[in-house]
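Dear colleague,

I am passing on the structure we spoke about, with the sequence beside it. Please open it before you read the notes underneath.

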Amino acid sequence: MPRGRDAAVAAFRAALESKGATGGPLIGLEHEYYLSYDRDPRDFQRIIHQLPIDGRRLDPGDANAYRLTTGIAITCDQSEAEVVSPPVAVARGFSAELERWAAHGRATLRSMLPDAVTLEGASTHLSISAPDDLQERVCYDYASRFAPALMLLAERPDSHGIMVRPRPGRIELCTEFIDGAGLRLASVFAAGSVTACLDLARGAKGRGFPRPLSVTLQPSTERVGLQVRRRAFGPDLYADGRAAALQLADGGQVSAQEQLERAWGAARSYVDGRADATDLKALDRLVSSGEALPGQHPSVQPRFSNPPRRSQFGELLRLREAGGLSVQAVVATWDFTVFRI
């Protein structure tokens, strides 16, 4: 192969092997926003293709999605604007990295809109990698064992509930909009709890899993999945909080506080060594204390103003040329990229 082509292939390989790539579990974040102008709602789907978005539409499953060279994607979910962060490794510092991506994504979206348009957080979607053949079992185990803990950690008193969805290669947990400290702690719990359910689906025992609850589930809207509503376990979980008496699948009751403690205990064992010690300690303190849970007070703006490190999901979009050879992405999803050489 000519030397110039060697250089092009080397540059291409360097992009694939960029710092942070890993074969371990991944976690991704989607934030959805309501748009309004002078308190009048605006449909983002009507204006997205009129905005100065410096990105490329490469996703065959979403004609509205623009992938940017930073690695984020801008798209819409019906009338809401959606900012999708690139998946990151569930490794030391991942919760802070998600928080950085959340701040960067919001700032990027804000920069594209007229000053008179306001943004309001609509929802948060956390996705954790999971093999497709285990997803049905994982979703049900999550809804019946871990959902109350996530609901207490991420939802507001006036929320309706969460959704647990199987998606290609991942499990998606949909909650109210959370950012800042609430997002960091919810992401740590989500990563640990979904991994625990995966282990449970593979036959793991003796890990102190929370007991299965009697739960009334409904199909989620728009996409396949489960809705876990505030009264899914009997009482109004959001009104009663830690004191709620939840119905066990084999009879009897357990307090929401006890279920929260057992759920976090199981989830913690799967992120110990992967999550930052400060986040683990913060969750330990939050779960065992009687202090207000993150979802019970307004979210705060993330503390990070500097952008996250560059992502290979953005780097792969760059055209690379050398010695008469060019490599360019022509189709891109979070699962795969197709290149034209």
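The notes below cover confidence, salt bridges and one pocket.

This is a predicted model, in which local features need a pLDDT of at least 70 and side-chain atom pairs count only at pLDDT 80 or more, while totals for chains, interfaces and linings use all residues. Residues are numbered from 1 along each chain as its sequence is written, and side-chain values use heavy atoms, with hydrogens and water left out.

On confidence, the chain averages a pLDDT of 88 (the predictor's confidence in each residue, from 0 to 100), and 88% of the residues score at least 70. Among the elements (DSSP runs numbered from the N terminus, helices being H or I of at least four residues and strands E of at least two), helix α1 (residues 3–16) has the lowest mean pLDDT, 57, and strand β6 (residues 80–84) the highest, 97. Please read residues 18–22 with care, since their pLDDT stays under 50; the pLDDT is also below 50 over residues 296–300.

The count of salt bridges (a side-chain nitrogen of Lys or Arg within 4 Å of a carboxyl oxygen of Asp or Glu) comes to 18. One of them joins Arg137 and Asp141 at 2.6 Å, N to O, and these residues are four apart in helix α4 (residues 135–154), so about one helical turn separates them. With buried meaning under 20% relative accessible area, exposed over 50% and partly exposed in between (1.4 Å probe, protein chains only), Arg137 is partly exposed at 40%, whereas Asp141 is buried at 6%.

Another salt bridge, between Glu176 and Arg156 (3.4 Å, N to O), links distant parts of the chain, with Glu176 in strand β10 and Arg156 in the loop between α4 and β9, 20 residues apart. Here Glu176 is buried at 16% and Arg156 is partly exposed at 35%.

Arg167 and Glu172 also form a salt bridge, their closest N and O atoms being 3.2 Å apart; Arg167 is buried at 16% relative accessibility, and Glu172 is buried at 0%. Both belong to a network of salt bridges that links Glu30, Arg165, Arg167, Arg170 and Glu172.

Finally, the second largest pocket has a volume of about 570 Å³. A pocket is an open set of points on a 1 Å grid over the protein atoms alone, where a 1.4 Å probe fits, with protein on both sides within 12 Å along at least five of seven lines, and lining residues have an atom within 4 Å of a point; the volume is the space filled by probe spheres set on the points. Of its 24 lining residues, the closest to its centre are Ala122, Ser123, Gly161, Met163 and Thr175.

Best wishes

Notes: Contact means heavy atoms within 4.5 Å.
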